[in-house]
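Colleague: I am new to this model and would like to be taken through it slowly, with each term explained as it comes up. Could you show it to me before we begin?

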Amino acid sequence: MVSTPYSPSQEPEAAQPPPTRTGTPEQVLVSVPLPGPPAPPAPPDSAVGRLVATVERLRREVREADAAADGRALIELAKGILVERLRCGPAHAAEQLDRLAGRSGVSRLELAADIVNQASRDRVSELAADFAERTKEPPSADPEALPLSVRLRTAESGVLAAGDTQAVARSLLENALDPLGVVAVAVWTAGTDGSLVLAGHAGFPEAEAARWRYVPPEVGTFARLALTERGPVTSHHPTDRDAPSLGRHTWPEGGRIALPSGSGGRVHGVLEVCWPVPLAPQPPQVLRQLEALAELCSHTLHDLPAPERPHTAPAAWPELEELTDLVDNLHDPALVLTPAMDGRGNLTDFRIQHVNERFVDPAGRPRGAISGSLLLEAYPTAAGDNGLYEKAERVHATGEPLRNQRTTLTALIGQVALPAVAEVSISRHGGVLLLLWRTEDETARLASLLQHAQRLGRVGGFEENLTAGRITWNSQLFDIYGRPATARPVPMEELPDHAHPDDGVDIRRFLRTVLHHRRDASVDFRLQRPDGITRHIRVVAEPVLDAQEGLVAVRGAYQDISAQHWTEVALAATRDRLAYTEAESADRVRLTLQLQQAIMPPAPAPLEVPGMRIAVRYRPAESEALVGGDWYDTVLLPSKEVMLCVGDVAGHGIGAATGMVVLRNALRGLAVTGAGPGQLLSWLNRVAHRLTDQVTATAVCGLYNPETGILRWARAGHLPPVLIRGESVTSLPLSEGLLLGVLDDVTYTEQEIRLEGDDTLLMFTDGLVERRDLPVNEAVGEFLVRTRDAPRDLERRLDRLLTHSKSDTDDDTCLIGIQLV
């Protein structure tokens, strides 16, 4: 049974020997790499070269002697088994071993390992058989390659024969871990306080190992991860587990595995093995090998009880009797627990060996029903996630005590769960656990809850015994008054002396109601504290009467309502400001509407022009807050031309309305000059830019000559007019023109069109077509479709278009229609 050594990186050339085995003589002697570039090798015939060769030879001889000693121990163990089985002497057993090795074609060491495996049937033998069955590897060509069973048995023999943990670490590395590519191994002992002590190591530089002799509690090293998780932890690369550890500087790219070392459910330490290169994922059989080796390490970390000894018998726990006497003198409820093991030494439960007189079962069961039972039998819910059993198991395994953790102990009576909340402390004494169970006092808990509620609500309670002349205050009331706890409490009759003078009448009425009329009462007043701070206080009091209806005491509470008072003051001021703002806003809206309606009446008188009909529609915004600056105008000029214009001032409110007035009146005055629409818009732009306060607007202006039928028009950022001719409805082409008021000097392009008989021209503001869900060009397209289906009569056409407008922006709307007859 020969197996090929397994390389953890799957690349045999990746495994490098530890750097302490090569280098300069100084490096060899101190076993730690020196900083800087390596020195050139010394000549073999020099004194230094001969010293290096001598040191290397002696080291090699020591390692060979250790390996031979471990092998001899395994062979001697096999001889002992043959002596017992064959009923013969040692010499005859040795002859039989040699004869069987010769017949089977294996070495004496391999045969000895097979004999021990067959005789022991333990974990090592099962592991070797399972590995051989899974790998099915052919015999290795390397004569020095030993099967797994030989390596493990040799390592076991070395561990059992080792005098200290340092020798254990060296035996594990040389006999079992070196074929896996491991370059260093560390064995840590776990202290009951959570500390780690480096008990043994091999492969690490001595100088670095000396710095890691002791790791204080709570220091998060890689080895502590295995102790905390109580299971193997793997670092394939240093970036996987950013935790400091021994050997990180020597092999900065190396991987490592740490495993808890122990047996019988108790963890005594940690086995940490290191590779020089990044670690590939390991197969399960390799991890089981490492777990078996970690269990071997526990032999020197702690004196374990013999396997055949009954673990739950009182004789196995010498500290049990002493601990039992101790807990009987404790004032806290306490349980004494011992670990309950199965036939293979694995922890399965805890036996409740003793219950002191202070302990009260949540279900009311007598102490005799609890003592002697298993923990999970008495309290099955303790097995829940992060429950009581898990806490006890951790303390039993690591020895780290658990202090004052809040938990629940639940007893099941039939199908009824009876829980009890308590603070639990668990400590390990030898192999016995002491569990202290401090059940919460419901009265104390409610008192504490009331105290916190009073503190949060800034409430202080008092009681004044009028018969005995004794006054009782709680601590919160002293804080409200700003007085030290040693000061004399203030009697109720002296309350006016500590209040604002203006509150004296209300306080005396309150005192008369309570002390004379003997009725409950309350009063709000301003408390003047000794530190000069004034607080707003509400006091509530009730009389306490005896059997003859005589007043014997008064009790009640003070509450600091300063924050509430100032909040109410701020709210009242805010309401006043809001009411004023609303009234002011209503006045502004009313003024704006009056101004707008005075200039832009909803139903203006039609302009009488021969040969054409003119109709105008104006619809103000539905919301008064959105009163805008839409405007229109139709004027018969001295030149007999008709000026038609529509505009829209940006914004809403009185500013937009006054801006609309300025532009509309200015355009009327400029139109009498006889200038064309382009020139009129240029002058109007200067008016908006220079003579108004930041007014911008859009507009379209047209001049129609009734004699020639020609319409000249220009636009300033406004939608173009719409022409209806027969069955055709089209928008007039866009012309260049920036909106009014942006720049000082702007030129506007004029266009002209000859209108024919029965043509209709529409000019409007964007409030007629604008929608939130459509671009403007698509909204105009829908408007053209609706216009085509509108009645031919001008008045009815405008009414239809205004009534069925799909605009949803709630903006002002102006619409002018011209129809030739």
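Colleague: Among contacts in the protein chain with a separation of 6 or more, what share is made by residues 24 or more positions apart?
Modeller: This is a predicted model, in which local features need pLDDT of at least 70 and side-chain atom pairs count only at pLDDT 80 or more, while totals for chains, interfaces and linings use all residues. Residues are numbered from 1 along each chain as its sequence is written, and side-chain values use heavy atoms, with hydrogens and water left out. With contact taken as heavy atoms within 4.5 Å, the share for residues 24 or more positions apart is 60%.

Colleague: How much of the protein chain counts as buried?
Modeller: A residue is called buried under 20% relative accessible area, exposed over 50%, and partly exposed in between, using a 1.4 Å probe and protein chains only. Across the 821 residues of the protein chain, the buried part is 45%.

Colleague: How many helices and strands does the protein chain have?
Modeller: Both are DSSP runs numbered from the N terminus, helices being H or I of at least four residues and strands being E of at least two. Counted in this way, the secondary structure comes to 22 helices and 26 strands.

Colleague: What is the order of the strands in the open sheet of five?
Modeller: Two strands pair if DSSP finds at least two bridges between them, and the pairing in this sheet is antiparallel. Its edge strands, each pairing on one side only, are E13 (470-473) and E14 (521-528). Within the sheet, E12 (residues 459-465) is joined to E16 (residues 551-560) by seven bridges, and valine 459 stands opposite glutamine 559 there. The full order is E13-E12-E16-E15-E14.

Colleague: At about what angle to E14 does helix H17 run?
Modeller: Axes are lines fitted to C-alpha atoms, for helices over the stretch in contact, and angles run from 0 to 180 degrees between N-to-C directions. Helix H17 (residues 504-516) lies across E14, E15 (534-545) and E16. Its angle to E14 is about 140 degrees.

Colleague: Why is strand E6 described as largely enclosed by the rest of the structure?
Modeller: Strand E6 (residues 266-274) pairs in the antiparallel sense with E5 (residues 256-263) over eight bridges, and six bridges join E1 (residues 184-190) to E6, also antiparallel. Valine 187 stands opposite leucine 271 in E6, and the bridge partner of isoleucine 257 is valine 273. The strand is called largely enclosed because its buried residues number nine of the nine.

Colleague: How many of the 13 residues of helix H7 are buried?
Modeller: Helix H7 (residues 165-177) is mostly covered. Its buried residues include Val168, Leu172, Leu173 and Leu177, and the count is ten.

Colleague: Is serine 427 buried or exposed?
Modeller: Serine 427 lies in strand E10 (residues 416-429), and its C-alpha atom is separated by 6.4 Å from that of leucine 402, 25 residues apart along the chain. Not counting residues up to four places away in sequence, serine 427 touches Val395, Pro401, Val432, Leu433 and Leu434. Because its relative accessibility is 13%, serine 427 counts as buried.

Colleague: What relative accessible area does leucine 738 have?
Modeller: Leucine 738 is found in the loop between strand E23 (728-731) and strand E24 (751-754). Leucine 738 is partly exposed, and its relative accessible area is 37%.
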